[in-house]
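Visitor: I'd like a close look at one part of this chain, please. Could you take me through the local backbone and the side-chain contacts there, one step at a time?

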Amino acid sequence: MCRNIRTLYNFEPPASQDEIRASALQFVRKLSGFNTPSKANEAAFERAVDQVSEAARILIDSLITVVPPKNREAERAKAAALSVKRFGPR
């Protein structure tokens with residue numbers, strides 16, 4: 001799985017449409033092998049990003065949990081600490 005695709009479910013505040021689209025774009029890039037599609041493939045690429053974004057939004061809106069939402073800032077801090085541990089200070 002692409003490292004740039006992040007978990008978007010069960011966060012406070014909820015994932016924005018921009019975050020969902022960015023994940024969809026990374027997913028379609030990974031599947032297609034294109035970072036930027038050619039003019040001939042641009043329409044199909046954008047359509048795929050739109051469809052994946054819609055499917056992701058439907059999924060996120062449909063999921064049910066009893067666990068309280070995670071705090072985005074606390075999760076970022078944990079990820080930063082793990083990165084420093086893994087790669088050293090930058």
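Guide: Gly88, which follows helix H3, has a positive phi near 85°. The names H3 and so on are DSSP runs numbered from the N terminus, helices being H or I runs of at least four residues and strands E runs of at least two. What you see is a predicted model, in which local features need pLDDT of at least 70 and side-chain atom pairs count only at pLDDT 80 or more, while totals for chains, interfaces and linings use all residues. Residues are numbered from 1 along each chain as its sequence is written, and side-chain values use heavy atoms, with hydrogens and water left out.

At the other end of H3 sits a cap: a side-chain oxygen of Asn71 lies 2.9 Å from the backbone nitrogen of Glu73. That is a polar contact, meaning N or O atoms within 3.5 Å, one able to donate a hydrogen and the other to accept it; residues adjacent in sequence count only if both atoms are side-chain atoms. H3 runs over residues 72–87, and because its 16 residues should span 22 Å at 1.5 Å a residue, the 22 Å between its end C-alpha atoms agrees. The expected span is 1.5 Å times one less than the number of residues.

Now go back along the chain to Asn10, in the segment before E1. Asn10 is not a glycine, yet its phi is positive, about 65°. Most residues other than glycine have a negative phi, and most peptide bonds are trans. Asn10 counts as buried because its relative accessibility is 15%; buried means under 20%, exposed over 50% and partly exposed in between, with a 1.4 Å probe and protein chains only.

What does Asn10 touch, once residues up to four places away in sequence are set aside? Its partners are Thr65, Val67, Pro68, Pro69 and Lys70, where contact means heavy atoms within 4.5 Å. The side chain of Asn10 also reaches the backbone oxygen of Pro68, at 3.4 Å.

A little further on there is a cis peptide bond, between Glu12 and Pro13, with omega about 0°. Pro13 belongs to the loop that runs from strand E1 (11–12) to helix H1 (17–32).

Thr65 shows the other side of the Asn10 contact. It is found in the loop between helix H2 (39–62) and strand E2 (70–71), and because its relative accessibility is 34%, Thr65 counts as partly exposed. Beyond its neighbours within four places in sequence, Thr65 is in contact with Tyr9 and Asn10. Tyr9 is 56 residues away from Thr65 along the chain, while their C-alpha atoms are 9.8 Å apart. A polar atom of the Thr65 side chain lies 3.1 Å from the backbone nitrogen of Val67.

Finally, look at H2, the helix that precedes the loop of Thr65. H2 has 24 residues and reaches 35 Å from its first C-alpha to its last, close to the 34 Å expected at 1.5 Å a residue. Its buried residues are Phe45, Val49, Ser53 and Ile60, and what covers them includes H1.
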